[in-house]
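Biologist: Please take a close look at the start of one helix for a first-year student, and then connect that place to the rest of the fold. How should one decide whether a residue there is buried or exposed?

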Amino acid sequence: MKKGGFAGYVALILVTTLLQTCLVTAFLADAAPQPFATAYGFPGFSSMRHRSILRDEVAARLKELGNVSDSKHVLERTFLSPAAVAAGRLLITWMKDAGLRTWEDKLGNVHGRSDGANATAPALLLGSHLDTVIDAGRYDGALGIVTAIAAVKALKIEGKLQQFPRPIEIIAFSDEEGIRFQTTFLGSSAVAGTFQPKHLKNLDARGISIGAALRAASHEGTVESVSSMKYEPSSVWGYVELHIEQGPVLEAQGLPLGVVEAIAGQTRLAVKVRGSQGHAGTVPMSMRRDPMIAAAQSIVAIENICTHPEKAVAGSRGATAMATAVNHAGAIVCTVGEIHSWPGASNVIPGEVMFTIDVRSKDDTDREINVVRIESEIYKICKKRGVACIIERKHEADAVACAPKLSDMLNSAAVAAMKELPPFRNNISALEDGGMMAPTLVSGAGHDAMAMSLLTQVGMLFLRCTGGVSHSPAEHVQDDDIWAGSLALLRFMEGVLGDLSSRSPY
Ligand SMILES: *[C@@H]1O[C@H](CO)[C@@H](O)[C@H](O)[C@H]1NC(C)=O
Ligand SMILES: *[C@@H]1O[C@H](CO)[C@@H](O)[C@H](O)[C@H]1NC(C)=O
Ligand SMILES: *[C@@H]1O[C@H](CO)[C@@H](O)[C@H](O)[C@H]1NC(C)=O
Ligand SMILES: [Zn+2]
């Protein structure tokens, strides 16, 4: 950090994986203080010292933030709503308490920044979203912001915030869920420079446009003001987000933390099946063209395709193709979540059935191959049953890969945090023959990291939530898991610090 400069830093980047492994191994193998151990703190000491900040204060703040709602009865904070603005103000006081300089930007995102030792070095960004769905839980989004604030506060108390080799900036994004304007990632896309100006005209349920909502909240709400928010890629080093898993995998593995390797891409299809409407009592079975049966058969076929997805491997055949298919089992998830029939009466053979298909995978090619398989299977079924099918592609988003370098660092930090905390020590060591890996996950849900990936490299940690439940007041994270999460972010930042300072350990 002091000497060595940029070239030395680049050289160190190249051995990051090795370095990270050494750092963790060094302090795990031997608790005696060594120069390297500084980069990850002294095990069993600093973590206990920060228990009140990393665990108890975060849990209390999440409760407090969970009370900031537009509705008396349920948790609800939508883009620029009074509760969202109040939540932003609360976050600003906590960011200041952590030693950060704060501001609200032109799209209602709340920022807290520390310049560290070099104000012009590319910044480490940390964050998540402060908006919620309707009748939300208190962890989705808020957890990533509040744990990041706690980790920075601990860094400040340890006197490491000022020496940090690059600026640290926490961003609480104003809109991720897209509830009010039906458009997701408004906040993060403005920072990434991909906000589409036409969206300023989007209307909410009361006919208020995004532009008007911004102006009502004392922002300019113009195309120019929003375009000016774009961060220069060269001013940013990377973006890291901690989020609840919103699924059951970590719970099944008995561990609080996992590293996200990719955010799944998604295709949404709408299928219309037309047959001949008729009387449920008078048309013989053999003379029907019933779209409901074609839909039902299609839905079962979809499950079958996605349970045994196919990966096209050019030039491979037989056993290789088979092995590849097996390797990719579980790599695709497909859901039929919406179905309607017309006219929808118990004594009428439907004339038309409409259903949706949601297909997600971390691999865009796999997704496309299997979407085509699904389409052709549906057409085949419809043809056989003498009904007409129309399949429309409603939405398509490519997968986002997390940066391997950041994922390696987050893995080391997550393993270190779990090793350090008594409740998880036993469970993490059970995985040790697997090479000290935290579980690796694919995010099936979209996150701000997806929008931020168009600006900079991204990394994500997932935190276990009870039963995998989210978007519900039943959403829950154990206090000790919260501790593991904030501690992992702290260890990650100390790892970044170690990257640059390990040449001249203090
Ligand atoms: C949340 O609000 C309820 C009801 O107003 C109150 O009893 C409770 O103390 C509040 N909790 C926090 C942490 O602010
Ligand atoms: C600060 O960072 C900038 C940008 O990376 C770099 O050019 C400069 O040399 C750094 N300054 C110091 C004192 O390290
Ligand atoms: C450890 O793993 C077991 C088995 O998966 C699980 O039941 C338990 O809750 C885990 N303990 C902690 C503290 O996570
Ligand atoms: Zn979220």
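Modeller: A residue is called buried if 20 or more other C-beta atoms lie within 10 Å of its own, exposed if 12 or fewer do, and partly exposed in between. Please keep in mind throughout that the model is predicted.

The residue to examine is D364, which lies in helix α13, a helix made of residues 364–384. D364 has 15 C-beta neighbours inside 10 Å, and therefore it counts as partly exposed. If residues up to four places away in sequence are left out, D364 touches G265, D398 and A399. Another residue to consider beside D364 is V400: the two are 36 residues apart in sequence, while their C-alpha atoms are 9.4 Å apart in space.

Contacts between residues distant in sequence can also be considered for the whole protein. Of the contacts with a separation of 6 or more, 76% are between residues 24 or more positions apart. The protein has 17 helices and 16 strands, and 46% of its 506 residues are buried.

The buried interior may be described next. The largest nonpolar core has 108 residues, and within it A414 and L461 touch the most other members. Without its neighbours within four places in sequence, L461 is in contact with L242, L257, V259, V260, L410, A414, G485 and A488. Apart from this core lies another one, of 20 residues, which includes A295, I332, I381 and V387.

Helix packing deserves a separate look. Two packed helices are described by the angle between their axes and by the distance between those axes. Helix α14, residues 404–420, packs against helix α15, residues 422–429, at an angle of about 120 degrees, and their axes are 5 Å apart. The two helices are therefore oblique to each other. On the side of α14, the contact is made by V415, M418 and K419, and on the side of α15 by F424, R425 and I428. Sorted by class, this contact has 4 nonpolar residues, 2 charged residues and no polar ones.

F424 also appears in the surroundings of ligand 3, where the residues are G254, P423, F424 and N427. The shell around ligand 3 has 2 nonpolar and 2 polar residues, with no charged ones.

The backbone itself also offers details for study. Most residues other than glycine have a negative phi, and most peptide bonds are trans. L80 has a positive phi, near 60 degrees, although it is not a glycine. L80 belongs to the loop between α4 (51–66) and α5 (82–97). L80 counts as buried because it has 24 C-beta neighbours inside 10 Å. F185, also a residue other than glycine, likewise has a positive phi near 60 degrees. The loop that holds F185 runs between β4 (168–173) and α7 (186–192). Since 24 other C-beta atoms lie within 10 Å of F185, this residue is buried.

The peptide bond that joins W342 and P343 is cis, with omega at about 0 degrees. P343 is found in the loop between β10 (339–342) and β11 (348–349).

To return to the request, D364 is partly exposed, with 15 C-beta neighbours inside 10 Å, whereas L80 is buried, with 24.

Conventions. Residues numbered from 1 in each chain as written. Chains lettered and ligands numbered in written order. Predicted model: local features only at pLDDT ≥ 70, side-chain atom pairs only at ≥ 80, totals over all residues. Near = placed C-beta within 6 Å. Nonpolar A, V, L, I, M, F, W, Y, C, P; charged D, E, K, R; others polar. Core = buried A, V, L, I, M, F, W, Y, C linked by C-beta atoms within 7 Å. Contact = placed C-beta atoms within 7 Å. Axes fitted to C-alpha atoms, helices over the stretch in contact; angles between N-to-C directions. Helix = DSSP H or I, 4+ residues; strand = E, 2+ residues; numbered from the N terminus. Parallel < 35°, antiparallel > 145°, perpendicular 65-115°, else oblique.
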